[in-house]
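Hello,

I have a structure to pass on to you, and it is set out just below. After it come my notes on what turned up when I went through it.

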Amino acid sequence: MEYNTSAPIYLQVINELKKKMVKGELMPGEKMPSGRDLAVEYKVNQNTAARIYRELEAQGYCFTRRGIGTFVSEEESMFQDLKKEMALELVKNFMHEMDGLGFEKGDIIEQIADYKEETENDA
């Protein structure tokens, strides 16, 4: 994973783990990597890995069983809501940037349709 200097690394890793949960790469109830393994995988120190899990747990996305490990939350509806929230955030950022460039609604829709058509033709 390449890190962006505009945001703290631990937040970037949290976002990446949330994406994995939303995409089903980390399933509800599944055991997550140990703190040590997480630190190695994302090239962060173990204190940062512990912070990542504390933050995710505080947000309800995982839970820890002492002596056993950390697990993805078993509440599946939470991940559908998270997916919608993440999508909304992407759309908001996209629309803000397009508005900043002076695009109108119809122009934006056309740009998206053109892009989608081009990428489907390249596949």
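Let me start in strand 1, which is where Thr64 sits. With a relative accessibility of 41%, Thr64 counts as partly exposed. Setting aside neighbours within four places in sequence, Thr64 is in contact with Glu57, Gly69 and Thr70. Thr64 and Lys31 lie 33 residues apart in sequence, while their C-alpha atoms are 9.5 Å apart in space. Please keep in mind as you read that this is a predicted model.

For some context from the records, UniProt has an unreviewed entry that places the feature "domain: HTH gntR-type" at residues 7–75. Over residues 7–75 the chain is 52% helix and 12% strand, and the C-alpha atoms at the two ends are 28 Å apart.

Now to the helices. Helix 1 (residues 9–23) packs against helix 2 at an angle of about 105°, and their axes are 12 Å apart. An angle of 65 to 115 degrees counts as roughly perpendicular, and helix 1 and helix 2 are therefore roughly perpendicular to each other. On the helix 1 side, the contact is made by Val13, Glu16, Leu17 and Lys20, and on the helix 2 side by Leu38, Glu41 and Tyr42. Sorted by type, the residues of this contact are 4 nonpolar, no polar and 3 charged.

Helix 2 (residues 35–42) also meets helix 3 (residues 46–58): their axes come within 8 Å and cross at roughly 110°. That crossing makes helix 2 roughly perpendicular to helix 3. Here Gly35, Arg36, Leu38 and Ala39 of helix 2 meet Gln46, Ala49, Ile52 and Tyr53 of helix 3. The residues of the contact of helix 2 with helix 3 divide into 5 nonpolar, 2 polar and 1 charged. Leu38 appears in the contact with helix 1 and again in the one with helix 3.

The loop between helix 2 and helix 3 holds Lys43. Its phi is near 55°, a positive value in a residue other than glycine. With a relative accessible area of 74%, Lys43 is exposed.

You may like the aromatic residues too. How many aromatic pairs does a search of the whole structure find? The search gives 2. In one of them, the rings of Tyr61 and Phe79 have their centres 6.2 Å apart and their planes at 40°, so this pair is tilted. The pair links distant parts of the chain, 18 residues apart: Tyr61 is in the loop between helix 3 and strand 1 (62–65), and Phe79 is in helix 4 (residues 76–100). Are Tyr61 and Phe79 buried or exposed? Both are buried.

Phe63 and Phe71 also form an aromatic pair, and this one is stacked, with 5.7 Å from centre to centre and 20° between the planes. Phe63 counts as partly exposed, at 22% relative accessibility. Phe71, at 10% relative accessibility, counts as buried. The cut-off that matters here is 20%, since buried means under 20% relative accessible area.

That is what I have for now. Do write back with whatever you notice when you look through it yourself.

Warm regards

Conventions: Residues numbered from 1 in each chain as written. Predicted model: local features only at pLDDT ≥ 70, side-chain atom pairs only at ≥ 80, totals over all residues. Heavy atoms only, no water. Axes fitted to C-alpha atoms, helices over the stretch in contact; angles between N-to-C directions. Helix = DSSP H or I, 4+ residues; strand = E, 2+ residues; numbered from the N terminus. Parallel < 35°, antiparallel > 145°, perpendicular 65-115°, else oblique. Contact = heavy atoms within 4.5 Å. Nonpolar A, V, L, I, M, F, W, Y, C, P; charged D, E, K, R; others polar. UniProt positions renumbered as here; feature names shortened; annotations may be inferred. Phe/Tyr/Trp six-rings, centres within 6.5 Å; stacked < 30°, edge-to-face > 60°. Buried < 20%, exposed > 50% of the residue type's maximum accessible area, 1.4 Å probe, protein only.
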